[in-house]
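Here is a walk through one protein model for someone meeting it for the first time. Have a look at the structure, then read on for charged pairs, a few strands and a patch on the surface.

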Amino acid sequence: MTTPTRAGRKAPLYPALGALLLCAAGAGASEPALRRIAADAAARTPVAAAELADLVRRPRLQDVELSPDGTQLAYLTVEGSGAALHLYDISAGRSREVLKDLPRTDISWARDGSVLFLDSGKELSVFRLADGSAARVAAFDRKRDQQMIAVDPVLPHHVLVGDADPAARTFSVERVGADGKRETLYTGAAKARDLLVGPDGKPAFIKTYAADYSQIIARPRHGKWVEVTRCLPLRRCSLAAATPDGRHLSLVTTWQDDRAALVDVDVASGARRLRQADPQGVADLGSVVLDPASQLPLFAAFRLPQVHYAGLTGAARRAAADIAARFPQSNIAIAPSAGRWLLTETAATLGQPRYWLYEPARHSFAAVLEDERAQDKPLGEAQLAAKYPIAYPASDGRTIRGYLTLPPGRDAAKAPLITVVHGGPWSHFESGYEWFVQWMATRGYAVFQPNFRASTGYGDKFMLAPGTDFGNGRV
């Protein structure tokens, strides 16, 4: 494949980019985009080969969580196999260490912000902000699949815990308070794979599996669980939220046997209505962000080709526009609270996340915990290579998507191409940071990561397109 030079002679197209075009029948539409990518990468400042230790280093700063009232951040600093818990006063701009010598753990704020729950996987503990005391409230037996499910969305300082009893062949969901007291919310032979708690603090909806692995959504009626709707086996189906009156249920599930979307279910009739699909018409719905006060959907989040949000209220749409304008090349995770939100920024050129506080009323952004993050001496964005989302037609016309990373400040015509193929095949690449890609790109290689058909994240039809035929070269 050749392209004219200014002198009228024929010069070879960039080998790395040409390799991508050769696999596409209608390559004409792809070539200009790929040339723009090559030009952008070539215009960047050349980088030195990054050291492996710098690329694979785990962040010292982890699990940053904003309090429900928006006044404090809780976070962990990890050293070796141990961790320390810190609190950061946002108004004062100061941190203090409150617990040390912890095992690796996950932290969660109670709904009223009075305690922090610490889940090590082996036990559940609480840290009380009022007096700085800590105590264990539950031990987890992995043989019984005991684990914390979620913070209780209704009661002030409680969590939900799952427990399977192999002897009795029953599964239960319990509410555990910061004082260690327990209350059984659900017991049954069928494991509750998902659960929503109503305004009265009782289970309002559960998801269980039928014998054929159909996913049954049920609600309690007169002491029994009555089916509301069901989803096909092995398809996306998760409970997102329910209206306070219990008349409407929000599901994340496949729409028209293809991409996952936010779907409204009329509980009385079982009728379904599309609430929100990907505005770009590309990706499955990744997750739903709930309003912390109402527990109703605020955003629908889509991960491919880059994280983007659809606001589900007028205020949410304005916030989504703010965030997209401020972080056009980054992936942002949104954690809203009263008055301000925590944003976690990741990107292909960020070896470690960055944290921001966003105030929707002021449309303002402020970086936070930069001193803690700087202690790791993370590589700067200018020291890493950008990852570009690309799309190209396969020989049968189907659009295939993936990512291309080119060495900064170098002529792509001289860059050897490495194609990285994900396993699975039901998996996919995303636009975030990957140490191996940076390892190769900062050493002069172009890295191509195709999300070939059968990749997840683009809908069931794309995932199931090859059937089980992966050996004949078509995929």
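A salt bridge here is a side-chain nitrogen of Lys or Arg within 4 Å of a carboxyl oxygen of Asp or Glu. Keep in mind that the model is predicted. By that rule, the count of salt bridges comes to 20. Side chains of opposite charge can pair when their charged atoms come close.

Let's start with three of these pairs.

| Salt bridge | Closest N to O |
|---|---|
| Arg 60 and Glu 79 | 2.8 Å |
| Arg 235 and Asp 460 | 3.0 Å |
| Glu 430 and Arg 303 | 2.8 Å |

Take Arg 60 and Glu 79, whose closest N and O atoms are 2.8 Å apart. This pair links distant parts of the chain, 19 residues apart: Arg 60 sits in the loop between helix 3 and strand 3 (61–66), while Glu 79 belongs to strand 4 (residues 72–79). Is each partner buried or exposed? Arg 60 has 14% relative accessibility, so it counts as buried, whereas Glu 79 is exposed at 52%. There is a third member too: Arg 60, Glu 79 and Glu 372 are linked in a network of salt bridges.

Next come Arg 235 and Asp 460, with 3.0 Å between their closest N and O atoms. Arg 235 is in the loop between strand 18 (224–231) and strand 19 (237–242), and Asp 460 is in helix 7 (residues 460–464), so the pair ties together parts that lie 225 residues apart in sequence. Arg 235 is partly exposed, with a relative accessible area of 23%, but Asp 460 is buried at 10%.

The last of the three joins Glu 430 to Arg 303 at 2.8 Å, N to O. What does this pair tie together? Glu 430 comes from the loop between strand 32 (417–419) and helix 6, and Arg 303 from the loop between strand 24 and strand 25, so parts 127 residues apart in sequence are tied together. Glu 430 is partly exposed, at 23% relative accessibility, and Arg 303 is partly exposed as well, at 42%.

That brings us to strand 24 (residues 297–302), where 6 of the 6 residues are buried. Strand 24 runs antiparallel to strand 23 (residues 285–290), and 5 bridges join them. Strand 24 also runs antiparallel to strand 25 (residues 308–311), this time with 4 bridges. Phe 299 is a handy spot to look at: this residue of strand 24 is the bridge partner of Val 289, and Phe 299 also stands opposite Gly 311 in strand 25. The hairpin of strand 23 and strand 24 has 6 residues between the strands, and Gln 295 there takes a positive phi near 60 degrees. From strand 24 to strand 25, the hairpin goes through 5 residues.

Now for the surface. Leu 52, Val 56, Trp 435 and Phe 436 make a nonpolar surface patch of about 340 Å². Helix 3 (52–56) and helix 6 (435–441) are the elements that give two or more residues to this patch. Val 56, found in helix 3, is partly exposed, with a relative accessible area of 41%.

Finally, how confident is the prediction? The protein averages a pLDDT of 91, and 93% of the residues score at least 70. Over residues 1–14, though, the pLDDT is below 50, and this stretch has 25 contacts in the model beyond near neighbours in sequence. The pLDDT also stays under 50 over residues 21–29, with 16 contacts beyond four places in sequence. Where pLDDT is low, the predicted coordinates should not be read in detail.

Technical notes: Residues are numbered from 1 along each chain as its sequence is written. This is a predicted model: local features need pLDDT of at least 70, side-chain atom pairs count only at pLDDT 80 or more; totals for chains, interfaces and linings use all residues. Side-chain values use heavy atoms; hydrogens and water are left out. Patches are made of residues with over 30% relative accessible area and no salt bridge: like charges are joined within 9 Å, nonpolar side chains (Val, Leu, Ile, Met, Phe, Trp, Tyr) within 5 Å. Accessible areas come from the Shrake-Rupley method with a 1.4 Å probe; for residues, only the protein chains shown count as cover. Buried means under 20% relative accessible area, exposed over 50%, partly exposed in between (1.4 Å probe, protein chains only). pLDDT is the predictor's confidence in each residue, from 0 to 100. Contact means heavy atoms within 4.5 Å. Two strands pair if DSSP finds at least two bridges between them.
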